[in-house]
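The exercises below ask you to read a structure step by step, and each task is followed by a worked solution. Please try each task with the structure in view before reading on.

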Amino acid sequence: MDTTPAARAEDAIFAALASPVRREVLRLLRERGPQSVQDLASGFAMARPSFSEHLRVLREAGLVSERRDGRRRLYRLEAVPLVRVRDWLDPYERFWRGRMTGLRDLLDDMEDVNDSRDAAALGRAGDQETT
């Protein structure tokens with residue numbers, strides 16, 4: 001198992017993304033821009049300490065940043081760590097795209113064979129009608 005700092009950072013990102021609550025927080029920040037803890041928490045039915053723990057996990061993974069604005073804490077999406085996720089997923093996307101292309105080609109070939117059989121059957125039927 002890889003225990004380099006880069007691997008640990010990647011693990012933290014994936015662990016943070018494993019939670020539906022945290023993914024929803026990221027979606028809200030992506031769609032609405034920076035928001036206060038109060039604004040973010042208002043959309044979730046959970047105690048503030050539990051919600052703050054989700055924000056801590058996102059912050060430690062580098063997926064959000066926090067800044068103080070007077071007495072408020074504003075959270076902002078940090079999209080750069082998501083590049084690691086994309087880079088990790090790319091080989092799998094290429095793999096499945098290749099598989100789907102292969103399946104499409106196979107189905108096209110099967111359709112061509114069936115079309116040829118149907119045409120041949122129609123030709124035989126037409127020959128029988130003329131005799």
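**Exercise 1. Salt bridges**

Task: State how many salt bridges a search of the whole structure finds, and work out which residues are linked in a network with R30.

Solution: The model is a predicted one, and a search through the whole of it finds 12 salt bridges. Begin with R30, which forms a salt bridge with E31, where the closest N and O atoms are 3.2 Å apart. That distance fits the criterion, because a salt bridge requires a side-chain nitrogen of Lys or Arg within 4 Å of a carboxyl oxygen of Asp or Glu. Next, consider how open the two partners are: R30 has a relative accessible area of 56% and is therefore exposed, while E31, with 48%, is partly exposed. Finally, widen the view from the pair to its surroundings, where E24, R27, R30 and E31 are linked in a network of salt bridges.

**Exercise 2. Two further salt bridges**

Task: Find the distance between the closest N and O atoms in the salt bridge of E78 with R76, then examine the salt bridge between E66 and R59 in the same way.

Solution: In the salt bridge that E78 forms with R76, the closest N and O atoms are 3.6 Å apart. E78 has a relative accessible area of 22%, so this residue is partly exposed, and R76, at 46% relative accessibility, also counts as partly exposed. Turning to the other pair, the side chains of E66 and R59 meet in a salt bridge with an N to O distance of 3.9 Å. Here E66 counts as partly exposed because its relative accessibility is 32%, and R59 is partly exposed with a relative accessible area of 31%.

**Exercise 3. Aromatic pairs and a surface patch**

Task: Decide whether the rings of W88 and Y92 are stacked, tilted or edge-to-face, and find which residues form a nonpolar patch on the surface.

Solution: A search of the whole structure finds four aromatic pairs. In one of them, the rings of W88 and Y92 have their centres 4.9 Å apart and their planes at 40°, so the pair is tilted. The spacing along the chain can be read in the same step, because W88 and Y92 are four residues apart in helix α5 and are thus separated by about one helical turn. W88, at 36% relative accessibility, counts as partly exposed, and Y92 is partly exposed with a relative accessible area of 44%.

Another pair, F95 and W96, is edge-to-face, with 5.0 Å from centre to centre and 80° between the planes. F95 lies in helix α5, which covers residues 80-130. The two partners fall into separate classes of accessibility, since F95 is partly exposed at 38%, whereas W96 is exposed at 52%.

Two groupings complete the solution. F14, W88 and Y92 form one aromatic cluster, and W88, L89, Y92, F95 and W96 form a nonpolar patch on the surface, whose accessible area is about 540 Å² together.

**Exercise 4. The surroundings of V25**

Task: Determine whether V25 is buried or exposed, and name the residues that V25 touches beyond four places away in sequence.

Solution: First locate V25, whose place is in helix α2, residues 20-32. Its relative accessibility is 0%, so V25 counts as buried. Leaving out residues up to four places away in sequence, V25 touches L40, F44, F51, L55 and L58. One of these contacts can be followed further, as V25 and L40 are 15 residues apart in sequence and their C-alpha atoms are 7.1 Å apart in space.

**Exercise 5. The setting of S36**

Task: Establish in which strand S36 is found, and which atom of D39 lies 3.1 Å from a polar atom of the S36 side chain.

Solution: S36 is found in strand β1, made up of residues 35-36, and counts as buried because its relative accessibility is 2%. A polar atom of the S36 side chain lies 3.1 Å from the backbone nitrogen of D39. Setting aside residues up to four places away in sequence, S36 touches R72, R73 and L74. As a last step, compare positions along the chain with positions in space: S36 and M46 are 10 residues apart in sequence, and their C-alpha atoms are 16 Å apart.

Definitions and conventions
Residues are numbered from 1 along each chain as its sequence is written. This is a predicted model: local features need pLDDT of at least 70, side-chain atom pairs count only at pLDDT 80 or more; totals for chains, interfaces and linings use all residues. Side-chain values use heavy atoms; hydrogens and water are left out. Helices (H or I, at least four residues) and strands (E, at least two) are DSSP runs, numbered from the N terminus. Buried means under 20% relative accessible area, exposed over 50%, partly exposed in between (1.4 Å probe, protein chains only). A polar contact is a pair of N or O atoms within 3.5 Å; within protein, one must be able to donate a hydrogen and the other to accept it, and residues adjacent in sequence count only if both atoms are side-chain atoms. Contact means heavy atoms within 4.5 Å. Patches are made of residues with over 30% relative accessible area and no salt bridge: like charges are joined within 9 Å, nonpolar side chains (Val, Leu, Ile, Met, Phe, Trp, Tyr) within 5 Å. Accessible areas come from the Shrake-Rupley method with a 1.4 Å probe; for residues, only the protein chains shown count as cover. Rings of Phe, Tyr and Trp (its six-membered ring) pair if their centres lie within 6.5 Å; planes under 30 degrees apart count as stacked, over 60 as edge-to-face and the rest as tilted.
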